[in-house]
Amino acid sequence: MTLSILIVDDDIVSRSMLQDIIEECGAGELVGTAEGGIEGEQMIINLRPDVVLIDLLMPDQDGIETVARLKALGFAGKFIMISQVDNKEMVGAAYQQGIEFFIHKPINRVEVEHVLKRVNEQWKYERYVLEIQQSLTKFNIVETPPIAKGRTVRDVSRVILMDLGILGESGSKDVIALMEYVIEQKQAVEWPSLKEMYEAVAQTYKQTAKEVEKESKAMEQRIRRTVNAALTNMASIGLTDYSNHKFEHYAPLYFDFQDVRMKMRAMEEDQPGDKGKVNIKKFLHVFYMETVEKLNGG
């Protein structure tokens, strides 16, 4: 299935350039263009594109207001903001409303292609996550694809953990152990609850039922702290450089982007540290899928 894209920009030259780039680079299918925020809002509601490239400053209704209105209406597509403004407060406000990426004016072909490529990759991963979740809901199974020879689950997992900045966290060993437990099943297996997974891994090095129970609870806490550390790392990178490739790839993929933005805002306002909100099951599902893909040469 092809990524559907819609452009909202009052500048005809920008619209034309973006249309040419989209059509030539093959990042997706252009389903429409709008000359302003009001027109764009109606087109987005009607066409429901996967991605919207939207100008920040437009005379009738600016990009941030348009995004906010669409979010309030339940639109779940991705937004890429187009802007010649380099104001940190305005950029921050855009991210708070749900913007995924920025493209700067004047339009640069290389930058546009790079951003569209990243969005396309995230879209494919998210569709894969959704398909897995739907399969789990319907059948409660996960089929593990055949694994290419050479690299191990541990090798690949360590690379991902390093990119997330959590390789040194105590829970990183637990994440690797969980991946080995799930992936090294040789056929379709039932995807257990997190509690069952923790207990299954704990049983490999603990003997009594009491020891297993205690260790599984400790594992749960270690993993939660580790995932929170990953969220903090991504938010920190985002505050420093929104276009950092690690932030672009991992932040919206492993976390709900609203939680990333909330963490960024808390850090920017120097609010007291908190445990944060993380979806451990989503994190581990995505980690599993990315590990499998890399094991198979992806």
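**Notebook: strands, helices and two backbone details**

I began with strand β1 (residues 4-8), which runs parallel to strand β3 (residues 51-55) and is joined to it by 4 bridges. Within this pairing I looked up the register and found isoleucine 5 opposite valine 51 in β3. I note here that I am working from a predicted model.

*Overall counts.* For the protein chain I listed 12 helices and 7 strands. Of its 298 residues, 48% count as buried, and the accessible surface comes to about 15,100 Å², with 49% of that belonging to carbon and sulfur atoms. I also looked at sequence separation: among the contacts between residues at least 6 apart in sequence, 70% join residues at least 24 apart.

*The sheet.* Next I followed the strands outward from β1 and β3, and found that 5 strands form an open sheet with parallel pairing, in the order β2-β1-β3-β4-β5. The edges are held by β2 (29-34) and β5 (99-104), and since each has a single partner strand, one side of each is left without a neighbour in the sheet. On average, neighbouring strands of this sheet are turned by 20° against each other, with direction ignored. As a reminder to myself, strands of a sheet pair through backbone hydrogen bonds, either parallel or antiparallel.

*The β5 edge.* I then asked myself how many of the residues of β5 are buried. The strand is mostly covered, with 5 of its 6 residues buried. β5 pairs with β4 in the parallel sense over 5 bridges, and in the register of these two strands serine 83 stands opposite histidine 104 in β5. Helix α3 (residues 63-72) lies across β3, β4 (78-83) and β5, and its direction makes an angle of about 170° with β4.

*Two backbone details.* Going on from β5, I checked the peptide bond between lysine 105 and proline 106, which is cis, with omega about 0°. Proline 106 has its place in the loop between β5 and α5 (109-139). The other entry concerns arginine 48, which has a positive phi of about 50° although it is not a glycine. Arginine 48 is found in the loop between α2 (37-47) and β3. Is this residue buried or partly exposed? With a relative accessibility of 42%, and with partly exposed covering the range between 20% and 50%, arginine 48 counts as partly exposed.

*The α8 and α9 pair.* Last, I turned to helix α8 (residues 194-202) and helix α9 (residues 209-240), which pack at an angle of about 120° with their axes 8 Å apart. Their crossing is right-handed. From α8, the residues Tyr198, Glu199, Val201 and Ala202 take part, and they meet Val212, Glu215, Ser216, Met219, Glu220 and Ile223 in α9. Sorted by class, this contact has 6 nonpolar, 1 polar and 3 charged residues.

I also wanted to know which residues of α8 are buried. They are Met197, Tyr198, Ala200, Val201 and Ala202, and among them Tyr198, Val201 and Ala202 also appear in the contact with α9. The buried residues of α8 pack against α9, and also against α7 (171-183) and α12 (280-295).

Conventions:
Residues are numbered from 1 along each chain as its sequence is written. This is a predicted model: local features need pLDDT of at least 70, side-chain atom pairs count only at pLDDT 80 or more; totals for chains, interfaces and linings use all residues. Side-chain values use heavy atoms; hydrogens and water are left out. Buried means under 20% relative accessible area, exposed over 50%, partly exposed in between (1.4 Å probe, protein chains only). Contact means heavy atoms within 4.5 Å. Accessible areas come from the Shrake-Rupley method with a 1.4 Å probe; for residues, only the protein chains shown count as cover. Axes are lines fitted to C-alpha atoms, for helices over the stretch in contact, and angles run from 0 to 180 degrees between N-to-C directions. A crossing is left-handed if the near helix is turned anticlockwise from the far one by less than a right angle, and right-handed if clockwise. Ala, Val, Leu, Ile, Met, Phe, Trp, Tyr, Cys and Pro count as nonpolar, Asp, Glu, Lys and Arg as charged, and the others, Gly among them, as polar. Two strands pair if DSSP finds at least two bridges between them.
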